[in-house]
Number of protein chains: 2
Amino acid sequence: MNLQAQPGSGASQYRILRETDLRDYLAALPAVASRLGGTPASWSISEVGDGNLNLVFIVKGASGSIAVKQALPYVRLVGESWPLPLSRAHFEHMALVHQARLAPKLVPAVLHHDDTLALTAMELLEPHIIMRKGLIEGARYPRFVDDISTFLARTLFFTSDLALSAAEKKQGIADFAGNHALCKITEDLIFTDPYRIAEQNRWTAPYLDATAAAFRDDLDLHVAISRLKLKFMASPEALLHGDLHTGSIMVTETDTQVIDPEFAFYGPMGFDIGAVVGNLLMAYLASAGHERTPGERASFEAWLLETIEDVWTGFSQRFLALWRSEAKGDGYPVSLFAGEAGAARLEAERQAYMARLFQDTVGFAAAKTIRRILGLAHNIDFEWITDEKQRAICEARSLKLARTMMLDTPSFTTIGAVTAAAREVRGWQPDFA
Amino acid sequence: MNLQAQPGSGASQYRILRETDLRDYLAALPAVASRLGGTPASWSISEVGDGNLNLVFIVKGASGSIAVKQALPYVRLVGESWPLPLSRAHFEHMALVHQARLAPKLVPAVLHHDDTLALTAMELLEPHIIMRKGLIEGARYPRFVDDISTFLARTLFFTSDLALSAAEKKQGIADFAGNHALCKITEDLIFTDPYRIAEQNRWTAPYLDATAAAFRDDLDLHVAISRLKLKFMASPEALLHGDLHTGSIMVTETDTQVIDPEFAFYGPMGFDIGAVVGNLLMAYLASAGHERTPGERASFEAWLLETIEDVWTGFSQRFLALWRSEAKGDGYPVSLFAGEAGAARLEAERQAYMARLFQDTVGFAAAKTIRRILGLAHNIDFEWITDEKQRAICEARSLKLARTMMLDTPSFTTIGAVTAAAREVRGWQPDFA
């Protein structure tokens, strides 16, 4: 089987849809047309994609609304000079189907998928907003902890060796192996470029010039990031979302939806959990940059730290509960842990397993932070801080925390140790401040 | 891509070849027929398979000889009640092709392969014998250390993230993912059954009854073997042979050939290296059972221990040399280790990598030993010791060593520590002795 010949990569039938094409295309889909209601001519269609890679259309009809996502054969952010396989839409759709089964109601419902056009029609999430934007505004989301820890625990557990037979697991790994071009983006932009001279790197100059140079010269850091990169490439523990930052989560006060799993592949669980933790840590350390008066966001920031703690704790409890009740996989066979003593020993090993997973989580959270400050793709938590010096202060604090988390990972044995370190660095003033 | 639909698993065209069928089949292959020479009627054909799984024919003609291996749709050792996919012949052939490219002259040349018949014709290895038989006789093989450490270093390095791009690596993993039925045999027979009641287990009773029971009750051991099993299932570091014991190696004084890679898949490197080390340790501890007079094999045994040390050392040196000169993969990018200080730091990390790999090797060597004494498939190193009590003494020593290697793995930081422990346990007398 040749991974180059994935569905969706046959460009012959593919065309980029304009508004008119899309209207005709959707009109020919009875289920979609009836959901929208009214005549196709009455549908409003607008392209709203603000991500880095794809076209996104919102289509509204008399009785309903949908979102349509179409992959472009290149990186939208950069243009045709950076080609990217259409097959990512195939993998995204496959991931959405798995996630809907494993974590019901936490991902948008798929209404239609077309591998040739690299197109997926989904329910429109309304009145949801991108979580990152809400956090910048200081909004709190009471459902978030339960929902994201459920999403993480269920999608990771049920695609791991603890739940699957080795044959099912190998089939899953093979099914997603063709998504290597998206993995390569992560390998370059997260695990390599921020630590070396790379044309696409940028940072808040001149304030962070010295820090960026220090990161490029820090060989201990280079060993640590290289070990994480190797783990990312060669530890297919579970089916990952692969890009689980707060821009891939849409929220209301009462609902949480995980979107955009086009980076999905079998990788180390800590990469997904670390993405959530790292992005919440950045939201926390960016918060000072969004204050109008000192301390006005103190209680929001306290909520964020509590949320970080509860995400790990909630994930860990749910994952362990699944392991105790749903362990049908080939890993850690229960027949080797019979009787009361066996059960106790297995429970101790479960705790040890979670401790190792927490170490991975800390390392990957740090990697996700550093790439957003010294690499190509930044996030609006920092970018929307218009005072550049203030932005650099927030970023320098995040880099200081991330560096410690990556180099002294074993010293972080609890999530409380992580939030304590974040709280401490929140009060640190960099030299240029 | 459905792994069930691998080439070779379509049973419709498959038929088990008898001598006459095979003669007609080979006669229709010009390259094979001309190699054999003479008329097809003049060829001598004999079925000689003494392995657990397949038919093996030796075909001799006027000018040349070949070996023909055909997979049966079940485990030969057990019969039709234990079905096994024919597709294993497809994976074995693919592995042979890779190994021939990566480690020239160390695997038999393939003359013809037929996925439908699950059949491969190869050069006949003459006057080679199975290394295990030679070791039982006390024979020494001067080429073995250089050849096997070259085979290990080159096949493992060039299929790892140190030599391949992440995309090439994922393609390789997917190519072999369908060989899960063979992996499952290993998962069950090596990593699970010897540690629990299983119908197929056997051991030298009554001498080892108490030890077998103790292994079934030893929860620390069950945790250790479960961690190794998880690593076997979820650490695709490189393309493994997958069954690299001394029965899969054919030797003369001047040549070494690795055969039978039907268990090939992407797994942890330490599994292959540990297979070699573990089987040499068993040859060493079985040697006392083949003495006619005490001490008569002392110098052979000293050679075996030296060989064990040299296999690891030779492998390690070759692997490191390849890493220094041929590191074209996505792992540990050299751009992160520029300049003299960078080169020194990367070299230190290489040593740390080898230290971790050595730990895996020690653990897997122990696992390979225990399964041969308490599980289904035993080896003739021990089986050919006709005095059962003497055999049990040799086996008990091996189990004692393996248990220590599996539970106290970190205490074995050098291969010298392993051979020292083996030497010590050689002098130990079990209670029943």
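Modeller: Let's begin with a term: helices (H or I, at least four residues) and strands (E, at least two) are DSSP runs, numbered from the N terminus. Two strands pair if DSSP finds at least two bridges between them. This is a predicted model, in which local features need pLDDT of at least 70, side-chain atom pairs count only at pLDDT 80 or more, and totals for chains, interfaces and linings use all residues. Residues are numbered from 1 along each chain as its sequence is written, while chains are lettered from A and ligands numbered from 1 in the order in which they are written.

Biologist: How many residues does the hairpin use to join β2(B) to β3(B)?

Modeller: Four residues make that link. β2(B) pairs with strand β3 (residues 65-71) of chain B in the antiparallel sense, over seven bridges. In β3(B), Ala67(B) is the bridge partner of Ile58(B).

Biologist: What turn lays chain A on chain B?

Modeller: Two copies of a chain are related by a rotation about an axis and a shift along it. Here a turn of 180° and a shift of 0.0 Å along the axis give an RMSD of 0.0 Å, superposing by least squares on the C-alpha atoms of residues with pLDDT of at least 70 in both copies. That is the relation of a two-fold axis. In chain A, the C-alpha nearest the axis belongs to Ala174(A), 2.3 Å from it.

Biologist: How many residues does each chain bring to the contact?

Modeller: Chain A gives 41 residues and chain B gives 41 residues, counting residues as in contact if their C-beta atoms, placed from the backbone, lie within 7 Å. Helices α6 (166-176), α7 (180-189), α9 (219-234) and α12 (339-374) of chain A each supply at least two residues of its side.

Key. Two residues are in contact if their C-beta atoms, placed from the backbone, lie within 7 Å.
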